[in-house]
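Okay, let's get going. I'd like to walk you through the one on the screen, starting with how the terms are used.

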Amino acid sequence: MPHLRANGLDFHVQVIRGEGDPADGGPRPPVVMLHGLVIDNLSSWFYTLAHPLALTCDVHLYDLRGHGRTQQPATGYGVEAQVDDLVALLDAWGLDEPVHLFGNSFGAVVALALAHRHPERVASLFLVEAHFAVEGWAEQMAGSLALAAFGLDENTSQEWIENNADRKMSRLARRAERFLADTTLIQDLKDEQPIGWLPQIACPVRAMYGSESDILHLAEALQTQMPDCELEIVPGTTHSLLTEQSGLVRQRALEWMGRQRAGVAAGA
């Protein structure tokens with residue numbers, strides 16, 4: 001299982017590179033994909049968009065700290081710390097040119113924060129159900145995770161796992177349970193402050209939300225603060241847009257990267 005040491009942690013990573021130049025003779029830009037919180041990991045991108053994109057791009061994926069097969073330290077789950085992780089990984093991968101960031105759910109928080117803090121390292125953003133900190137967001141996120149962590153007593157949780165989960169799901173459930181109970185994740189999210197710098201992001205941005213998503217209000221806030229952002233609301237889908245409409249998201253992602261590659265080629 002490939003791991004990479006960065007920012008003091010061992011990260012589980014995957015890099016998918018096509019062989020040779022793309023069939024259309026265009027550039028092969030770097031793409032980095034960031035997943036959502038707690039039960040999510042790099043597999044949500046790996047099994048949906050990573051391989052189709054790798055036909056024309058070099059695709060980099062990793063499990064965020066505490067997730068998947070990456071180390072789960074007790075602390076360091078605030079957004080700035082996760083940006084530090086991403087910068088360290090970009091350096092470890094040798095990616096010194098601007099990268100195209102794909103962010104799903106909480107992964108979009110990290111992608112947006114990197115684009116603000118290090119605009120020279122980001123070529124574009126492709127966001128799916130993007131979270132970002134508005135007034136009340138931190139309390140809502142922390143509250144939802146606290147409810148998940150403490151809503152069931154230990155005996156009830158163990159009974160559910162034994163009766164409903166196979167071996168793999170049991171392992172994931174127990175890891176998620178430890179993640180919520182034994183780390184500072186909930187408190188770190190609670191400490192996040194609303195951001196006011198979205199209008200400063202200058203790179204191209206495309207965002208997709210589900211019409212039935214519980215964070216649809218963030219789509220409206222995103223377009224208000226970033227009027228040049230290309231926004232699409234997908235009818236009949238929820239916050240799980242990436243898995244519910246993976247074919248559509250894949251189509252949009254390929255179109256997006258086709259345009260970004262054409263722009264690079266035209267400027268070369």
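So, when I say buried, I mean under 20% relative accessible area, with exposed being over 50% and partly exposed in between, using a 1.4 Å probe and protein chains only. Helices are DSSP runs of H or I with at least four residues, strands are runs of E with at least two, and both are numbered from the N terminus.

Housekeeping: this is a predicted model, where local features need pLDDT of at least 70, side-chain atom pairs count only at pLDDT 80 or more, and totals for chains, interfaces and linings use all residues. Residues are numbered from 1 along each chain as its sequence is written, and side-chain values use heavy atoms, leaving out hydrogens and water.

The big picture, then. The chain has ten helices and eight strands, and buried residues make up 50% of its 268 residues.

Now look at α3, residues 106–117. Ten of its twelve residues are buried: Phe106, Gly107, Ala108, Val109, Val110, Ala111, Leu112, Ala113, Leu114 and Ala115. What about its length? The expected span is 1.5 Å times one less than the number of residues; that gives 16 Å here, and the end C-alpha atoms are 17 Å apart, which agrees.

Last stop, the cysteines. How many disulfides are there? Zero, taking a disulfide as a pair of cysteine sulfur atoms within 2.5 Å. Cys203 has its closest cysteine sulfur in Cys229, 10.0 Å away, so that's too far for a bond. Both are tucked away: Cys203 is buried at 16% relative accessible area, and Cys229 is buried at 6%.
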